[in-house]
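This briefing is meant to be read beside the sequence and the 3D view. It goes through selected local features, grouped by topic.

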Amino acid sequence: MASALCTRCKRRDAVFLRAYSGEKLCARCFCRSIEDKVRATIARYDMFEPTDTIMAAVSGGKDSLSLLHILAKIEKVFPKSSLCAVTVDEGIKGYRDEALEFAVSSCRKLGIDHVVTSFKQLYGFSLDEIVKVTRKKEESGKGLTPCAYCGVLRRRALNLSARNAGVDKLAAGHNLDDETQTVLLNLLHGDALRIARVKPVLEDVHPKLVQRVKPLCRLPEKEIALYAHLKRIEYQSVPCPYAPRALRSDVRLLLNRMEEKHAGTKFTLSKSVERIRPALEAATEKTDLQDCLACGEPTAGKICQPCQLLRKLGIS
Ligand code: SF4
Ligand code: ZN
Ligand code: ZN
């Protein structure tokens with residue numbers, strides 16, 4: 001952008017134009033605004049209590065590492081709270097192993113206890129090995145994508161780690177882009193009621209489930225990337241080799257194009273979901289969770305999703 005003074009401090013040169021608000025921000029005011037936005041999101045959705053023990057899910061990407069840095073800063077002000085981190089190594093050669101190094105070094109620098117767990121350790125197979133088994137089925141149109149396995153098994157792994165660590169909250173780095181993409185994907189899949197589940201604080205519906213919160217859910221991905229860059233946070237920037245090529249990428253493109261032409265589109269979409277969520281929740285039948293007959297973890301059916309997936313592979 002052409003040189004202009006920061007609209008906040010009116011002293012330093014602006015490095016970023018926030019199109020949806022019209023603000024021009026210098027590096028320092030920009031970073032402060034990001035941290036303030038996270039604080040405001042935490043307060044708005046009552047994400048944490050001052051005495052909470054928090055575990056941050058850290059993949060080694062820009063979102064989760066920025067989240068870790070910001071939470072570490074916020075947590076200092078609350079002496080009765082504590083922060084630790086977890087990384088799930090799905091076993092994606094050349095990708096997660098690199099990301100793990102960034103997660104380990106950030107935690108070390110910040111002095112944060114870090115737990116690493118892996119698919120191999122928990123399920124006996126890495127994602128690479130699972131993909132080998134499923135690839136043929138996927139090609140014939142009958143199997144699931146790597147992300148379908150990865151998402152379900154990672155959620156389980158994160159919950160197990162958080163529960164084992166005895167923490168009160170599990171904080172994830174989902175940003176505004178992730179959330180709005182998921183909303184549109186649910187609509188495009190004909191799963192309108194699932195939109196109600198895209199929310200900043202996921203309900204604590206079972207004593208075995210640690211409550212998940214998303215403190216970055218009101219921050220656009222682009223701004224988190226700039227924050228990480230300005231704060232010199234080292235993160236994994238190479239995309240996952242299994243990254244979805246299909247619908248999510250198209251939806252991402254569509255939303256980014258809309259945002260470019262009509263600044264604020266993603267916020268508007270997110271606000272619309274907030275407004276209709278109560279009606280969607282009222283229309284959704286509540287199902288009581290029970291113990292999975294195979295593993296004992298909470299599930300809406302008889303057999304939980306991770307067990308169903310592992311059975312399909314002949315692993316469980
Ligand atoms: Fe897992 Fe898919 Fe994400 Fe890769 S892109 S880490 S396979 S969910
Ligand atoms: Zn400034
Ligand atoms: Zn199970």
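How many aromatic pairs does the structure hold? The structure, a predicted model, holds three aromatic pairs. One of them is described first, followed by the zinc site, the surroundings of ligand 1 and two residues with unusual backbone angles.

**Aromatic pair**

- The ring centres of Phe119 and Tyr123 lie 5.5 Å apart, and the ring planes meet at 70°, so this pair is edge-to-face. The cut-off for that class is an angle over 60 degrees.
- Helix α4 (residues 119–123) contains both Phe119 and Tyr123, which are four residues apart, or about one turn of the helix.
- Phe119 and Tyr123 are both buried.

**Zinc site (ligand 2)**

- Four cysteine sulfurs are the protein donors of the zinc ion: the SG atoms of Cys6, Cys9, Cys26 and Cys29, at 2.3 to 2.4 Å from the ion.
- The site is tetrahedral, with angles of 102 to 117° among the four donor atoms.
- Along the sequence, the spacing of the donor residues reads C-x2-C-x16-C-x2-C.
- Within this set, Cys9 and Cys26 link distant parts of the chain, being 17 residues apart. Cys9 belongs to the segment before β1 (16–18), whereas Cys26 sits in the loop between β2 (23–25) and α1 (27–44).
- Cys9 and Cys26 are both buried.

**Surroundings of ligand 1**

- Ligand 1 is surrounded by nine residues, and the closest are Cys147, Cys150, Cys240, Tyr242 and Ala243.
- Helix α6 (residues 146–165) supplies three residues, the largest share of this shell.
- Which classes of residue make up the shell around ligand 1? Seven residues are nonpolar and two are charged, with no polar residue present.

**Positive phi angles**

- Most residues other than glycine have a negative phi.
- Lys10, which is not a glycine, has a positive phi near 55°. Lys10 is placed in the segment before β1.
- Lys10 has a relative accessibility of 56% and therefore counts as exposed, the cut-off being over 50%.
- Asp46 is another residue other than glycine with a positive phi, here about 50°. The loop between α1 and β3 (53–57) holds Asp46.
- Is Asp46 buried or exposed? Asp46 counts as exposed because its relative accessibility is 63%.

Notes:
Residues are numbered from 1 along each chain as its sequence is written. Chains are lettered from A and ligands numbered from 1 in the order in which they are written. This is a predicted model: local features need pLDDT of at least 70, side-chain atom pairs count only at pLDDT 80 or more; totals for chains, interfaces and linings use all residues. Side-chain values use heavy atoms; hydrogens and water are left out. Donors are N, O and S atoms within 2.8 Å of the metal (3.2 Å for Na, K and Ca); water is not among the atoms, so sites may look incomplete. Four donors count as tetrahedral if all angles lie between 85 and 135 degrees; four count as square planar and six as octahedral if opposite donors are over 155 degrees apart and all others between 65 and 115; anything else is irregular. Helices (H or I, at least four residues) and strands (E, at least two) are DSSP runs, numbered from the N terminus. Buried means under 20% relative accessible area, exposed over 50%, partly exposed in between (1.4 Å probe, protein chains only). A residue is near a molecule or strand if one of its heavy atoms lies within 4 Å of it. Ala, Val, Leu, Ile, Met, Phe, Trp, Tyr, Cys and Pro count as nonpolar, Asp, Glu, Lys and Arg as charged, and the others, Gly among them, as polar. Rings of Phe, Tyr and Trp (its six-membered ring) pair if their centres lie within 6.5 Å; planes under 30 degrees apart count as stacked, over 60 as edge-to-face and the rest as tilted.
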